Amino acid sequence: MTPVVLITEDLAPAAIDVLAQDFDVRHVDGTDRQALFAALAEAEAVIVRSATQIDSAAIDAAPRLKVIARAGVGLDNVEVPAATERGVMVVNAPTSNIVSTAEQAAALLLSVARNTVAASASLKAGEWKRAKYTGVELAGKTVGVIGMGRVGVLFAQRMAAFGTRLLAYDPYVQPARAAQLGVRLVGLEELLRESDFISIHATKTPETVGLIGARELAMVKPGVRIVNAARGGLIDEQALADALAEGRVAGAGIDVYAKEPCTSSPLFAFDNVVATPHLGASTHEAQDKAGVAVARSVKLALQGEFVADAVNVQAGGLVAEDVRPLLPLAEKLGRVFTAVAGGAAASVTVEVRGEIVANDVSVLRLAATKGLFSEVVDEQVSYVNAPLIAADRGVEVDLATFTESPDHHNLVTVRGALTDGRTVSVSGTLWTTGLRETLKLTEVDGFDLELDAEGILLFFRYVDRPGVVGRIGTILGRAGVNIAGMQVSRRSAGGEALMTITVDSPAPPELLHEAADEIGATSSSAVDLRDD
């Protein structure tokens, strides 16, 4: 059955084109709860903007749901904890509107500096008052930037083109990084005292709400102009109105408000305030970028791939291109480990060796954890809830990295201690031949292998002796299970051996037990490594 992607609000045609070929794209009015719940019953993904509420009730109405995508930045209308508990990935488009928001802040600052909006309204009312609306230049002025995240950096770059002196306050940015950007890092109070213009680009957290209040506004340089196109509540609107009334603040550009929609504010009484209805992301380009970005994330999520923009995935963020091909390997090693171990692990370590560790490889631990529990629990296991499932079962999954890898360019090993005292390990690598990349198993429980990590694998551990291979082949053949490949690894002739068989169709548990009994195997297991 083709996966259903449900779209609840207008989405750019380019975004729908990303999905149309591979998925059953359906549409519903997300504000109609009854229609939404009915449509969610078959949906594996839902894409929303800001009007649709995806709360726990909506998630409960969607038993097949794998991903919730918000075509934008904010997630106030998505109940992320409920999604995480269900193993549903939540993605957004965090970089879709950064250019538009930076440009909006610049537009507000220029409008306030030159009294553009008030002058326009006056002229349209039949007045010609050039002297009244005399403004100030940016050139040679000091611009203070509060928050040097992606939008803050873009804004600072644009202000630099006007010949301004740039100050910034951000406790999480290193001075060397600021220096690269041509910005001098200072404390908040120094920024307030020295800046002719202040633009706020901080994230909204409990610590930053009310960041600029009456106390801070009492410190500002008289005649300062202030812009907020980041998040409502970062600046106390009443305190700003008071400072405007006193003349300490010469003007303000405000795009965001503590409570939205906002149609009444003490700031609206001032001609020297340019107020806009949260237009930071309101450009055609930003809307298109947001739609296309989340459509691509949805496609990756439904294909079982790692999604960098998932907000509720541990180790979220950009995955290096060299690391990405190892994600399916780590997950498959987790599956093989669980199959071979045949029991619960008390602790597991994901070991990564080779040049690859020059990158951030923490996501490989996450992928291995997903594989460890994919066949153990009844619920869907995803990148989202795999750490929660491990924690609930008291299994600690650690990561260890080593620059040296004697036998392979890069090597991933899943090694775990079982509750019965045994230690089990499985290892694999990525082989590259020309343009072809192949995932290989290189070791299972101490036995060296060279086997493609794909298909359905059967493992038998037994005492090496003549005739065993033939007997296994006969039992499987009689049951109609075709052998695609076989490899026997042993430490010494007549000693313990591990037979690994690749078969074309699943072997029922009773057939596996029959084959194990026939050869006197000390253990047997099966794992399905086929792509979903």
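This is a chat about the largest pocket and the salt bridges of a predicted model.

Reader: Hi! Let's start with the largest pocket. How much space lies in it?

Author: Happy to help. The largest pocket holds about 1600 Å³ of space.

Reader: And which lining residues are the closest to its centre?

Author: Those are Val73, Gly74, Ala230, Arg231 and His278, out of 50 residues that line the pocket.

Reader: Which helices each supply at least two residues of that lining?

Author: Helix H5 (98-114) does, and so do helix H7 (150-160) and helix H12 (284-302).

Reader: What does the lining look like by class?

Author: The lining of the largest pocket has 21 nonpolar residues, 20 polar ones and 9 charged ones.

Reader: Thanks. Changing topic: how many salt bridges turn up in a search of the whole structure?

Author: The search finds 26 salt bridges. One of them pairs the side chains of arginine 26 and glutamate 42, with an N to O distance of 2.7 Å.

Reader: Nice. Where do arginine 26 and glutamate 42 sit in the chain?

Author: Arginine 26 is in strand S2 (residues 24-27), while glutamate 42 is in the loop between helix H2 (33-40) and strand S3 (43-48). The two are 16 residues apart, and the pair links distant parts of the chain.

Reader: Why does arginine 26 count as partly exposed?

Author: Its relative accessible area is 30%, and partly exposed covers the range between under 20% for buried and over 50% for exposed. Glutamate 42 falls in that class too, because its relative accessibility is 33%.

Reader: Let's move to helix H9 (residues 188-194). How far apart along the chain are glutamate 189 and arginine 193 there?

Author: They are 4 residues apart, which is about one turn of the helix. Glutamate 189 and arginine 193 form a salt bridge, with 4.0 Å between the closest N and O atoms.

Reader: What about the accessibility of glutamate 189?

Author: Glutamate 189 has 37% relative accessibility and counts as partly exposed. Its partner, arginine 193, is also partly exposed, with a relative accessible area of 46%.

Reader: Which residues are joined into one network by salt bridges that share partners?

Author: That network takes in Arg165, Arg184, Glu190 and Glu194.

Reader: One last thing: which side chain does glutamate 496 meet in a salt bridge?

Author: Glutamate 496 meets arginine 491, at 3.4 Å from N to O. Glutamate 496 itself is partly exposed, and its relative accessible area is 32%.

Terms used:
Residues are numbered from 1 along each chain as its sequence is written. This is a predicted model: local features need pLDDT of at least 70, side-chain atom pairs count only at pLDDT 80 or more; totals for chains, interfaces and linings use all residues. Side-chain values use heavy atoms; hydrogens and water are left out. On a 1 Å grid over the protein atoms alone, a cavity is a set of points where a 1.4 Å probe fits but cannot get out, and a pocket is an open set with protein on both sides within 12 Å along at least five of seven lines; lining residues have an atom within 4 Å of a point. Grid points are joined across faces, edges and corners, and a volume is the space filled by probe spheres set on the points. Ala, Val, Leu, Ile, Met, Phe, Trp, Tyr, Cys and Pro count as nonpolar, Asp, Glu, Lys and Arg as charged, and the others, Gly among them, as polar. Buried means under 20% relative accessible area, exposed over 50%, partly exposed in between (1.4 Å probe, protein chains only).
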